[in-house]
Amino acid sequence: MKLCVTSLAISLAIYLHGCHAFLSPSNTRCAISSSLSSSPQVIDEPVAKSEEDEKSLTQRIMEKTSPAGQTGGAGGASTWDAFLRAEENWSRLKASKAFEYDKTVLTAVQNGVPPPPQFVTDDGGSGNPRCWEKLRKQAADSTPLDYDVTICGGTLGIFIAMALQLKGHNVAVLEAGKLRGREQEWNISMKELLELVELGVLTEEDIDMAVKTEFPGCRAGFKNSEVTPLDGGYFDNGVGYECFTPNVLNLGISPSVLIENVSERFKAAGGVIFEGTPLKGIVVSESLGAALDVGEEKDPITSRLVLDCMGNASPISRQQRYGKQPDGICAVVGSCAGGFDAETNLLGDIIYTNSEIQDKGPNGQLQYFWEAFPVGIGRNGMSPGTSDVKTTYMFTYMDSSEGRPSLSTLMDDYWKQLPIYQPSITDVEKDLDVKRVLFAYFPTYKDSPLKPDYSRILAVGDASGIQSPLSFGGFGALTRHLERISGAITEALESDLLHKDDLGQINAYTPNLSAAWMFQKAMSVRMGQNVNPKFVNRLLATNFDVMNNMGEKTMLPFMQDVVRIDGLAGSLARSFVADPAFMPEIVLHVGIPTLVEWLGHVSMITLYNALHNLSPALKPFVDKMENKKERYRWNRRMEAWKFGSGNDYKFD
């Protein structure tokens, strides 16, 4: 829209288009006197704005939603105040600069940089003296520590706690607030839930109670403009490509039901949950144990092992990554709302584009992706076509450069582009019954999964960075690794191998996780980089066309963040044949150093795949090893080969 030259024209444009963005704070309107007057009289009169007019669209919508059901963790809080806090934290992260700090050097201040906040310490002169006193007293009295394992962060930690409690350990869970799941559904596949049933963490009754939504599967599509349905490939129609994958993220489960059921069964099995117990710090003695500071009014909790399940905002991980900037960001905004067309609310979108790369000026270039899931169909008598409720996300990949857009900017773009993505909506404020507004940013690091800096402490889940840099992490990443992690922790406890070097074997290098960085790099645009606006859509449309033609054995693992060498090598070769002229542009986009690094990880996937195939022959010899430490380390190696090559994925 161009600025009009007269105030009257501006007022008319605003009236017609419903837009006030171009008006300055000193808005004026023109009053023209009657033609009988000897001369026109122009009167500048301030336009009074109501308090509601001063609010942004996001604020108006969020203040109308119910504040009930707020929880901790990403996506748990959806109030306007929570949004402002997230915005402030995002601004602070963008403004920060990476710096070097050598924690092995005794000098506290290095080149003007102060030491990191000591949330965790193994220095007997630091930390809460009451924690040290309890550790020493229990050792002197030959009193066992309070727990074998204490898990910090219960929303996802309760599932790890249940798995470990079933293995005979004495487990406690610390939760800063009340341990309850958020109102927003988690989307997952039945295959992943049944894996938790096999472990005894869930029962089939839990699943029946928790599943509130079920639909056939999800679409993936990459288009330069919104055309639905779309037939043919990228070079056939000139727009893009879309395909359907069944049984992927096609269940919507209630976190509140699932967590309540598992919590009750965990306590019945002897587990302990400390609610309303924020963690203040941890002291670690390699020989005695760990003690958790839970406030001056409460007795410290002692434990042989502490698991950090506090997500990507964990103060333990933050201390360890002191001075480091994230290598990538996945920023997500969205909503759960009613008012969509019920008759077409039948399938999900797992990853979808309907626009070219957006040029945000000083904020850089961004490719927006969509994800959507129907809510309230397929279960409990709710047949398909009866629910108008849908969860929609818009997300993008970028770095944390200072010039990157605010969450408010992303939310504005979400509201503006939602009617294009969902044509049944014309005015989001009038047409939608918004139940929750969703927002988060997920920092990702190349040095993942995170190996511990301290003995007796291990990061698990999103706190360790075990999730793919392409995903939002959370429950799906946990289910994939729960059997491996719980088994490894059990062996570490039984063999008393709780030194940081031993625990670090659990969070071993996995080349397929590292290789996923190439995909995030390809779907993002560096600040100052000039890219063909169609680049991402052309790349993904071609690759998904190839993978879909290769069949479900290729598509299903990839859709669930599992990279395997068979699918990867086959799709790369076929993509090159399908679009050979595009290869130089891809290399130019990601850069030679990134490509070389990625090829190294792909080579390691190939090696890990070969080593995994040798594991069945090695396992009998490993089981007979008398040296517990050697046996433990060989078991961790074989797990790394299995998971690092994607061979943990179980095909139906």
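## Surface and overall build

The accessible surface of the protein chain comes to about 29,200 Å², and carbon and sulfur atoms account for 55% of that area. Please keep in mind as you read that this is a predicted model. The chain has 652 residues, of which 54% count as buried.

As for secondary structure, you will find 22 helices and 22 strands along the chain. Among contacts in the protein chain with a separation of 6 or more, 76% are between residues 24 or more positions apart.

## Two surface patches

Let's start with the nonpolar patch. Phe244, Leu346 and Leu347 make a nonpolar area of about 230 Å² on the surface. To find leucine 346, look in the loop that runs between β15 (328-338) and β16 (348-353). Leucine 346 has 32% relative accessibility and therefore counts as partly exposed, since that class lies between the 20% limit for buried and the 50% limit for exposed.

The other patch carries negative charge, and Asp122, Asp123, Glu286 and Asp501 gather there on the surface. One of these residues, aspartate 123, sits in the loop between β3 (120-121) and α5 (129-140). Aspartate 123 is partly exposed because its relative accessibility is 41%.

## Salt bridges between separate elements

The count of salt bridges comes to 35. One of them pairs aspartate 453 with lysine 103, and their closest N and O atoms are 3.2 Å apart. This pair links distant parts of the chain, with the two positions 350 residues apart. Aspartate 453 belongs to the loop between β21 (433-444) and β22 (457-459), while lysine 103 belongs to the loop between α4 (80-95) and β3. Both partners are partly exposed: aspartate 453 has a relative accessibility of 33%, and lysine 103 has 39%.

Next, have a look at aspartate 146 and lysine 134, whose side chains meet in a salt bridge at 2.8 Å, N to O. Here the two residues are 12 residues apart, with aspartate 146 in the loop between α5 and β4 (147-152) and lysine 134 in helix α5. Are these two partners buried or partly exposed? Aspartate 146 has 23% relative accessibility, so this residue counts as partly exposed. Lysine 134 has a relative accessible area of 16% and is therefore buried, as the cut-off for buried is under 20%.

## A bridge within one helix, and a network

Glutamate 264 and lysine 267 also form a salt bridge through their side chains, at 3.4 Å from N to O. How far apart are these two residues in helix α10? They are 3 residues apart in this helix (residues 255-268), so about one helical turn separates glutamate 264 from lysine 267. Glutamate 264 is partly exposed, with a relative accessible area of 46%, and lysine 267 is partly exposed too, at 41% relative accessibility.

Finally, which residues are joined into one network by salt bridges that share partners? They are Arg219, Lys223, Glu242 and Asp349.

Conventions: Residues are numbered from 1 along each chain as its sequence is written. This is a predicted model: local features need pLDDT of at least 70, side-chain atom pairs count only at pLDDT 80 or more; totals for chains, interfaces and linings use all residues. Side-chain values use heavy atoms; hydrogens and water are left out. Patches are made of residues with over 30% relative accessible area and no salt bridge: like charges are joined within 9 Å, nonpolar side chains (Val, Leu, Ile, Met, Phe, Trp, Tyr) within 5 Å. Accessible areas come from the Shrake-Rupley method with a 1.4 Å probe; for residues, only the protein chains shown count as cover. A salt bridge is a side-chain nitrogen of Lys or Arg within 4 Å of a carboxyl oxygen of Asp or Glu. Helices (H or I, at least four residues) and strands (E, at least two) are DSSP runs, numbered from the N terminus. Buried means under 20% relative accessible area, exposed over 50%, partly exposed in between (1.4 Å probe, protein chains only). Lys and Arg count as positive and Asp and Glu as negative; His and the chain ends are not counted. The place of a charge is taken as NZ of Lys, CZ of Arg, CG of Asp or CD of Glu. Contact means heavy atoms within 4.5 Å.
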